[in-house]
Structure formats: structure tokens, C-alpha cells
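User: I would like a close look at one part of this model, followed by an account of the side-chain contacts elsewhere in the chain.

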Amino acid sequence: MTATFTTKTAATTAARDAGLTDGEFTVTKGDAGWTYAPKQAALTLALNPPEQGAEQQQADQGGETGALQQDGTSTEGQGADQPQSEPAKAAPVVTFTGSAFPSVDHAVAWAKCDGFARNRIKVEAVEGGFLFRPLAEGEKYVAIGSTPRTGNGPAFPAPGTKKRILIDMVCRADGATMKELEDAVGWKKCSGTLNELDETFGLDLEYRKKGKEGRYFGTFPAAYATPAPAGEQQQAEQQQQEPLAA
């Protein structure tokens, strides 16, 4: 005889007391009151439990071992479910197939798009422009545009550095005033640095005074110079031939 209960809560509590979990029984209301009954699938499974295979037992044991290790209560073996390491990132590949880039900046920008860090490439001058390549194993990075060190000598300043800006400005056809140099690099009193650069790289630095304005002139070192357009070269030569003011 099926027991009846006055409320649904009482029937649910009785089912749980009988060893059934939520989802394994149903509670229904009849004329006499509330009753509970096991679901057929749950009842069949409870009466006829499947035999557990050796592989499943081993997997369960592995899972338990893993849980114990995570809690710090056991150090035997490893659990079946272990986090897998992330796949290694693919190395960047050069995708440029043209003959050359028109400038160093173009080459560097393309290398960056290919996934290369600036200090992991070498930009080289080739016929028609510039190309970049990944550094070879063991090859040291050299600032782009600078000249590699020879022996213990210093490297020629790379384009964009403050020392290179000073060199480029005094080597212009019209030279540069001290104020122009200070404004360009944000330094005060650049004369000491100019003298150092002159002694190190041979700028043939001169100070010429025209009226109330004094300007610094230099000659770009031939060892590091690139051929200038004919018009600029002629203008520079004429400027250097002007007599110095007394």
C-alpha cells in the first residue's frame, strides 16, 4: 500500500528519507492526498546496477588521486584529467616578396606587421632600397642605421638619436646655431657634445660668425656618408668656400 501525505513537502521529505535523490522520484496528488513514486529509469538502475569495468575503475581512481593532490593530501600518481600546456606560438615569417623597401622605416614597419620585434631583425641596404631579415642564431642586434663597432671604438650614432641630430644639423649647408641645436635635442650647452663628436668621428667642426649670429658647420664623415644629390652637394661646397668673418 502506498503511503499518502497531507502535503507535498511531507511526501518529498519521505522520498528523500527513503534514499531517493531529487530527480529520481515524482510527487503526485491523488484523492487521498500526496504520494511519491520512484521514476522507472531510476528504479531500474537502482535494482540492477551495471558492473563497473576495470578501465572505468582505473579512471575513477586516477580522478580521485588527482583530487587528493590538488588538496595537498597525497603525492601518489597524477589524476586522469590534467591541464594541458598551451600550444607554442608559431615563429614569425617574412612575407615580403618584393625587391626592396624605399626606406628603413618601411622595412621596419613591415617587419613589425610580420610579428618581428625591432631588436630581432637586421635592416640592410640593397640595390634599390632596403631589406630586413631575422637575426641569425648568436647574431647580436645593431641599432638600425648605426655602424657596427670596430674593436673598442664607438658606433656612429644611429638616425633619430640626439647625437645624430646634432651631427646632421651642423653638417647642413647652412649649419646650425646653438639655439637651434638646443631646441632640437632639448639640451642646454651642446658645445661639449659637439666637440666630443668632432674628436671621435672627425666632423671638421667650425664656428662661423655672420653679423651677430654665430653658426656651427661640420662635414659629415665620409666613412658614414651616403651620396648626396648633385644640387645639395654643390651648395654645400659653395658654403664651405665662403670666407670666415673676422
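User: The charged end of Arg 208 sits over the ring of which residue, and how many Å from its centre? Please start there, and then go on to the aromatic pairs, helix α5 and the salt bridges.

Analyst: Please keep in mind throughout that this is a predicted model. The ring in question belongs to Phe 217, and the charged end of Arg 208 sits over that ring, 4.4 Å from its centre. In the loop between α7 (191-201) and β5 (206-210) one finds Asp 204, a residue other than glycine whose phi is nevertheless positive, near 50°. Asp 204 counts as exposed, because its relative accessibility is 52% and the cut-off for that class is over 50%.

Turning to the aromatic residues, the structure holds nine aromatic pairs. One of them is formed by Phe 96 and Trp 110, whose ring centres are 5.1 Å apart and whose planes stand at 75°, so that this pair is classed as edge-to-face. This pair links distant parts of the chain, since Phe 96 is in the loop between α3 (54-71) and α4 (104-113) while Trp 110 is in helix α4, 14 residues apart. Trp 110 counts as partly exposed, with a relative accessibility of 33%. Another edge-to-face pair is made by Phe 116 and Phe 132, with ring centres 6.0 Å apart and planes at 65°. Here too distant parts of the chain are linked, with Phe 116 in the loop between α4 and β3 (121-126) and Phe 132 in strand β4 (residues 129-134), 16 residues apart. Both Phe 116 and Phe 132 are buried. These two pairs belong to one aromatic cluster, which is formed by Phe 96, Phe 101, Trp 110, Phe 116 and Phe 132.

Helix α5 (residues 162-170) has Arg 164, Leu 166, Ile 167, Met 169 and Val 170 as buried residues, and the buried residues of this helix pack against α6 (178-185), α7 and β6 (213-217). Arg 164 is therefore worth following further, as it counts as buried at 11% relative accessibility and also forms a salt bridge with Asp 168, the closest N and O atoms being 3.2 Å apart. Because Asp 168 and Arg 164 are four residues apart in helix α5, they are separated by about one helical turn. Asp 168, for its part, is partly exposed, with a relative accessible area of 34%. Elsewhere, salt bridges that share partners join Arg 172, Asp 174, Glu 180, Glu 213 and Arg 215 into one network.

Side chains of opposite charge can pair when their charged atoms come close, and the structure holds 11 salt bridges. Among them is the one between Arg 16 and Asp 22, in which the closest N and O atoms are 3.0 Å apart. Arg 16 counts as partly exposed at 45% relative accessibility, whereas Asp 22 is exposed, with a relative accessible area of 54%. A further salt bridge brings together the side chains of Glu 124 and Arg 133, at 3.3 Å from N to O. In that salt bridge Glu 124 counts as partly exposed, at 31% relative accessibility, and Arg 133 likewise counts as partly exposed, at 27%.

Conventions. Residues are numbered from 1 along each chain as its sequence is written. This is a predicted model: local features need pLDDT of at least 70, side-chain atom pairs count only at pLDDT 80 or more; totals for chains, interfaces and linings use all residues. Side-chain values use heavy atoms; hydrogens and water are left out. Rings of Phe, Tyr and Trp (its six-membered ring) pair if their centres lie within 6.5 Å; planes under 30 degrees apart count as stacked, over 60 as edge-to-face and the rest as tilted. Helices (H or I, at least four residues) and strands (E, at least two) are DSSP runs, numbered from the N terminus. Buried means under 20% relative accessible area, exposed over 50%, partly exposed in between (1.4 Å probe, protein chains only). A charge sits over a ring if NZ of Lys or CZ of Arg is within 6 Å of the ring centre and within 35 degrees of the ring normal. Contact means heavy atoms within 4.5 Å. A salt bridge is a side-chain nitrogen of Lys or Arg within 4 Å of a carboxyl oxygen of Asp or Glu.
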